[in-house]
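Subject: Structure for you to look at

Dear colleague,

Please find the structure below, followed by some notes on what turned up in it. I have tried to explain each term where it first appears, so that you can follow along with the model open.

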Amino acid sequence: MAEGSVLVTGGSGGLGGAVVTAFLEAGWRVVVPERKARPGSEPAAAGLVRVVADLGEPAGAAQAVEAAVGDPAAPLRAVVNLVGGYASGGLVHETPVEEFERMLTVNLRPTYLVTQAALPHLVASGGGAVVCVSARAAVAPFRGAAGYSTAKAAVLAFANAVAVEYRSQHVRCNTVLPSVIDTPANRAAQPDADHSRWVTPEEIAPVIRFLASADSAPTSGATVPVYGRA
């Protein structure tokens, strides 16, 4: 293995497929948690491990991490937090608190639980990297998405806290901030947008792989914009 094992949450999503491929091509052992087994989800490549786990619960996050540390020949070196979601809504005074809190649950809770479970293993093995995915909306909010913007800003703040708390133990934590990602789901939701300006999963994946690898060893606490031409 070039680096070891990487745990990629959201590895079956629109961005996740490109990220998983990028790590596999670089020789990593890639562990992908899924909420439930799906037909055709069997590993299709050497080095790919799938595990059924609910990352919204502490036990599920721990289960995913245990799978990631399960191969002594490929120790856990990185965690990539891709799990998240977007929902548009009204202005703040029009948005029920339940919808606001749901964005925090979807975007922040899995990132927190998986990182929390993985940190002791990264520390024990001498260090490693955590990469979180926030969004440009965290630093440039737009109308009708207060919950989403707040949740992604919370992911960014959490990543920066991890970078500070674990710096002396050689665990790095960095964040990427995509603009609109060019996925089929986003194209369907915005058919009239100029898709050529969006950033593609294949453009984002190498940035994430770099931040997870030893090549970025001096870098922690970074906020990396990946906007394309948007």
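With a relative accessibility of 29%, R50 counts as partly exposed, because that class lies between buried, under 20% relative accessible area, and exposed, over 50% (1.4 Å probe, protein chains only). Before going further, please note that this is a predicted model, in which local features need pLDDT of at least 70 and side-chain atom pairs count only at pLDDT 80 or more, while totals for chains, interfaces and linings use all residues. Residues are numbered from 1 along each chain as its sequence is written, and side-chain values use heavy atoms, with hydrogens and water left out.

The side chain of R50 meets that of E34 in a salt bridge, at 2.8 Å from N to O; the term stands for a side-chain nitrogen of Lys or Arg within 4 Å of a carboxyl oxygen of Asp or Glu. Since R50 belongs to strand β3 and E34 to strand β2, the pair ties together parts that are 16 residues apart in sequence. Strands here are DSSP E runs of at least two residues, and helices are H or I runs of at least four, numbered from the N terminus. E34, at 6% relative accessibility, counts as buried.

That leads to strand β2 (residues 29-34), where 6 of 6 residues are buried. In a regular strand the side chains alternate between the two faces of the sheet. In β2 both faces are covered, with R29, V31 and P33 buried on one side and V30, V32 and E34 on the other. β2 runs parallel to β1 (residues 5-9), to which 3 bridges join it, and it also pairs in the parallel sense with β3 (residues 48-52) over 5 bridges; two strands pair if DSSP finds at least two bridges between them. V6 stands opposite V30, while P33 has V51 in β3 as its bridge partner.

The count of salt bridges comes to 5. Another of them joins R187 and D182, whose closest N and O atoms are 2.6 Å apart; R187 is partly exposed at 38%, whereas D182 is buried at 16%.

What, then, is the nearest side chain of opposite charge to the buried K152? It is D54, 16 Å away, and K152 has no salt bridge, where Lys and Arg count as positive and Asp and Glu as negative, with His and the chain ends not counted. K152 lies in helix α5 (residues 146-165).

Best wishes
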